[in-house]
Amino acid sequence: MKIHIPRGTVDIMPGESEKWQYVEHVAQEIFKRARYSEIRTPIFEHTELFQKGVGDTTDIVTKEMYTFNDRKERSMTLRPEGTASVARAYVEHKLFGQVNQPAKLFYCGPMFRYERPQKGRQRQFVQIGAEAIGVQDPAVDAEMMALALSIYQELGLKEIKLVINSLGDKTSRLAHREALIAHFKPSIHEFCSDCQTRLEKNPLRILDCKVDHAHPLIATAPSIIDFLTDESLDYYTQVKRHLDVIEVPYVEDATMVRGLDYYNHTTFEIMSESKGFGAITTLCGGGRYNGLVEELGGPASPGVGFAMSIERLLAALAAEEITLPIANHLDVFVVGVGEAVSPITLKLTLAARKAGFTAERDYLSKKVKGQFKTADRENARFVVVVGEEELAEGLIVIKDMTTGTQEKIAMSDYIATLQKKQHEGETN
Ligand code: HAM
């Protein structure tokens, strides 16, 4: 019986994996320049972390988590997102005690959500994310959005837009909550059973319900912007002022609530506007989460961050027909004439690799012609030929495939000659 890959997961195969490496490398470089350090947290956590952190009325927690009991009957969950784990680690390692705040952390790794798979939505996906914890300053919010955007921009994406909103502080949220309850209550029987539960528990979640999203009362629901306290409105204005000065264009969307409970003040999403993109257009989501660290047992430490999946990023690149400049060149192919020289071709292949060249040889006992064909197909820059007769004299042949010239050299000069030729090639 053939065993297939689980639904909602993919094998990232050669040809594709190079794109992933490239994207990850670009993101890492951007984080490095912005002085973010990598954090690697476990793939599974105590279920309670996400119930408390992400919120127990969210779709993620109620419907989408991969939760299991371990052998000691403790409830564990494959992480559906990274922020709760990073906040937990911030508390666990007392990063709040560090002189320099905010703690600037980035991560890259698989997340798991039991969702209905479709284009741009998988059950296992990889998020690149960043969190800045310990400071509330509109400059950090604006920097975070610019940071997320710069990953897309550096990869060449153009058809993207930043959408922002503010969910305000606790007082704003409470006032908005009351208004939402009043708005939905008379007709709540028209909504799904989840929304009926959400009405009293967390009416904001009705706004991002996947079942009732087309209900007319969603479009006419009271907007959070009308309930922002003066302080919240001022903070939001400051964030926008920073975005204006750093020349990051944005559009405001007062209906954007995000699907996780920890947000307050700034929320944002980056969307693809490319025509070739599928139905799900959100590439990246983020926002401020003051209170999350306290919720997890730490001191008041406001935070802000974002996460984007590599899957959607690559889909956006494909939609804009952007090819990544992935280098896959072969410097040296070592051809052996006769089976007796096989150990020497291996030795020369390894020596070239040790010196920093990409190098390959034949493993199929091909004839010389066949080996040259392979070297050609692989686009080798140099072909090194080892024959029994030359070998007896300690000689090998190096052929420069770009110029077609070849020369016989002493085997002891092999690496030095390769280096010289490559240098000449680069300076020509
Ligand atoms: P989120 O909006 O749930 O936020 O997810 C962020 C991003 O992860 C999405 O914009 C999308 O790119 C990707 N994503 C989510 N679910 C899937 C899926 N099933 N398949 C493929 N990609 C997916 C968070 O996760 C927050 N932790 C973001 C954050 C960090 N907020 C503050 N800091």
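Colleague: Let's start with a strand pair. Which residue stands opposite V383 in strand 15?

Modeller: That's K399. Strands are DSSP runs of E, at least two residues long, helices are runs of H or I of at least four, and both are numbered from the N terminus. Two strands pair if DSSP finds at least two bridges between them. Here, strand 14 (residues 382-387) and strand 15 (residues 395-400) run antiparallel and are joined by 4 bridges. Before we go on, this is a predicted model, where local features need pLDDT of at least 70 and side-chain atom pairs count only at pLDDT 80 or more, while totals for chains, interfaces and linings use all residues. Numbering runs from 1 along each chain as its sequence is written, and side-chain values use heavy atoms, leaving out hydrogens and water.

Colleague: Got it. How many bridges does strand 15 make with strand 16?

Modeller: There are 5, and the pairing is antiparallel, with strand 16 covering residues 406-410. For a concrete pair, take I396, whose bridge partner in strand 16 is I409. Strands 15 and 16 form a hairpin with 5 residues between them, and G404 in the turn has a positive phi of about 85°.

Colleague: What about residues other than glycine, which sign does phi mostly have?

Modeller: Negative for most of them, and most peptide bonds are trans. This model has cases that go the other way. R35 has a positive phi near 65° and sits in the loop between helix 1 (17-33) and strand 1. K94 has a positive phi too, near 50°, in the loop between helix 4 and strand 5. The loop between helix 4 (83-92) and strand 5 (103-112) also holds P102, and the peptide bond from Q101 to P102 is cis, with omega near 0°.

Colleague: Are R35 and K94 buried or exposed?

Modeller: Buried means under 20% relative accessible area, exposed means over 50%, and partly exposed is in between (1.4 Å probe, protein chains only). R35 is exposed at 67%, and K94 is exposed at 55%. R377, in helix 13 (residues 368-377), is exposed as well, at 60%.

Colleague: Now the sheet. In what order do the 8 strands come?

Modeller: The order is 1-5-6-11-10-9-7-8, in an open sheet with mixed pairing. Strand 1 (37-38) and strand 8 (251-252) are at the edges with a single partner strand each, so one side of each has no neighbour in the sheet. Further in, strand 6 and strand 11 run antiparallel with 7 bridges, and E131 stands opposite G305 in strand 11.

Colleague: And why is strand 9 described as largely enclosed?

Modeller: Because 9 of the 9 residues in strand 9 (residues 264-272) are buried. Strand 9 pairs antiparallel with strand 7 (residues 160-166) over 7 bridges, where V163 has E269 as its partner. Strand 9 also pairs antiparallel with strand 10, over 6 bridges, and there M271 has T282 as its partner.

Colleague: On to the ligand. How many residues surround it?

Modeller: A residue is counted if one of its heavy atoms lies within 4 Å of the molecule. That gives 28, the closest being E81, E115, E131, Y263 and L283. Strand 6 (124-133), strand 10 (282-288) and strand 11 (303-309) each supply at least two residues of this shell, and strand 10 gives the most, with 6.

Colleague: Which atoms make the polar contacts?

Modeller: For ligand contacts, the cut-off is a pair of N or O atoms within 3.5 Å. A polar side-chain atom of E131 is 2.8 Å from a ligand nitrogen. F306 puts a backbone N or O atom 3.3 Å from a ligand nitrogen, while a polar backbone atom of C284 is 3.4 Å from a ligand oxygen. Taken alone, the ligand exposes 650 Å², and the protein buries 96% of that (Shrake-Rupley areas, 1.4 Å probe).

Colleague: Since C284 came up, how many disulfides are there?

Modeller: The count is 0, where a disulfide is a pair of cysteine sulfur atoms within 2.5 Å. The closest cysteine sulfur to that of C284 is in C108, 13 Å away, so the two are too far apart for a bond. C284 is buried at 1% relative accessibility, whereas C108 is partly exposed at 29%.

Notes. A polar contact is a pair of N or O atoms within 3.5 Å; within protein, one must be able to donate a hydrogen and the other to accept it, and residues adjacent in sequence count only if both atoms are side-chain atoms.
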